[in-house]
Amino acid sequence: MNKNNVGLAVGSFAALAHVAWLVLVGLGVAGQTIGWVLGMHLVKSAPVVLAFDWSKAIGLVILAFVVGYVAGYIFTAILAAFSKKGKK
């Protein structure tokens with residue numbers, strides 16, 4: 001596996017998941033959605049969803065991509081190290 005490709009795939013998935021969240025915020029249904037998700041986990045809480053802000057939204061998507069990329073890259077490096085160790 002190529003560490004860069006896995007990093008790009010995981011980063012893209014993380015960014016896309018956060019874009020979906022931002023769509024829910026923009027549509028005004030994020031509060032209901034998070035209440036439903038928490039209820040499915042048997043948690044009752046009253047989170048406050050802030051108003052949509054483009055600068056924060058762009059920052060969130062970029063941060064999600066970077067963290068996902070780094071996680072995918074590190075995971076692939078660890079997997080490769082263990083794979084080499086197991087072949088000896």
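W36 is found in helix α2 of this predicted model. Its relative accessible area is 56%, so W36 counts as exposed, given that the cut-off for this class is over 50%. Along the sequence, W36 and L60 are 24 residues apart, and their C-alpha atoms are 22 Å apart in space. L60 also belongs to the lining of the largest pocket, a region taken up again below.

Helix α2, which spans residues 30-40, also holds A30. Here the picture is the opposite of that for W36: A30 has a relative accessibility of 2% and is therefore buried, as the cut-off for burial is under 20%. A30 and L50 are separated by 20 residues in sequence, with a C-alpha to C-alpha distance of 9.6 Å.

The loop between α2 and α3 deserves a closer look. L50 is found in this loop, and a relative accessible area of 60% makes L50 exposed. A second pair that includes this residue is L50 and G72, which lie 22 residues apart in sequence and 30 Å apart from C-alpha to C-alpha. L42 sits in the loop between α2 and α3 as well. With a relative accessible area of 79%, L42 is exposed. The backbone at L42 is worth a glance too, since its phi is near 60 degrees, a positive value in a residue other than glycine. For context, most residues other than glycine have a negative phi.

Turning to the pockets, the largest one holds about 220 Å³ of space. Its lining consists of W21, L22, V25, V48, V49, L50, A51, F52, D53, K56, A57 and L60. Helices α1 (3-27) and α3 each contribute at least two residues to this lining. By residue class, the lining comprises ten nonpolar and two charged residues, with no polar ones. L50 is thus a lining residue of the largest pocket that is also exposed at 60% relative accessible area.

The surface carries a nonpolar patch formed by F52, W54, I58, I62, V66, V70, Y73, I74, I78 and F82. Together these residues present about 1,000 Å² of accessible area. F52 links this patch to the lining of the largest pocket, where F52 is also listed. Another patch member, I78, lies in helix α3, which covers residues 54-86. The relative accessible area of I78 is 43%, so I78 is partly exposed, the class that falls between the cut-offs of 20% and 50%.

Helix α1 offers a further example of partial exposure. S12 lies in this helix and is partly exposed, with a relative accessible area of 40%. S12 and A77 are 65 residues apart along the chain, and their C-alpha atoms are separated by 18 Å.

Notes: Residues numbered from 1 in each chain as written. Predicted model: local features only at pLDDT ≥ 70, side-chain atom pairs only at ≥ 80, totals over all residues. Heavy atoms only, no water. Patch = residues over 30% accessible without salt bridge, like charges linked within 9 Å, V, L, I, M, F, W, Y side chains within 5 Å. Areas by Shrake-Rupley, 256 points an atom, 1.4 Å probe, with all protein chains shown as cover. Salt bridge = Lys/Arg side-chain N within 4 Å of Asp/Glu carboxyl O. Helix = DSSP H or I, 4+ residues; strand = E, 2+ residues; numbered from the N terminus. Buried < 20%, exposed > 50% of the residue type's maximum accessible area, 1.4 Å probe, protein only. 1 Å grid on protein atoms, 1.4 Å probe; cavity = no way out; pocket = protein on both sides within 12 Å on 5 of 7 lines; lining within 4 Å. Points joined across faces, edges and corners; volume = space filled by probe spheres on them. Nonpolar A, V, L, I, M, F, W, Y, C, P; charged D, E, K, R; others polar.
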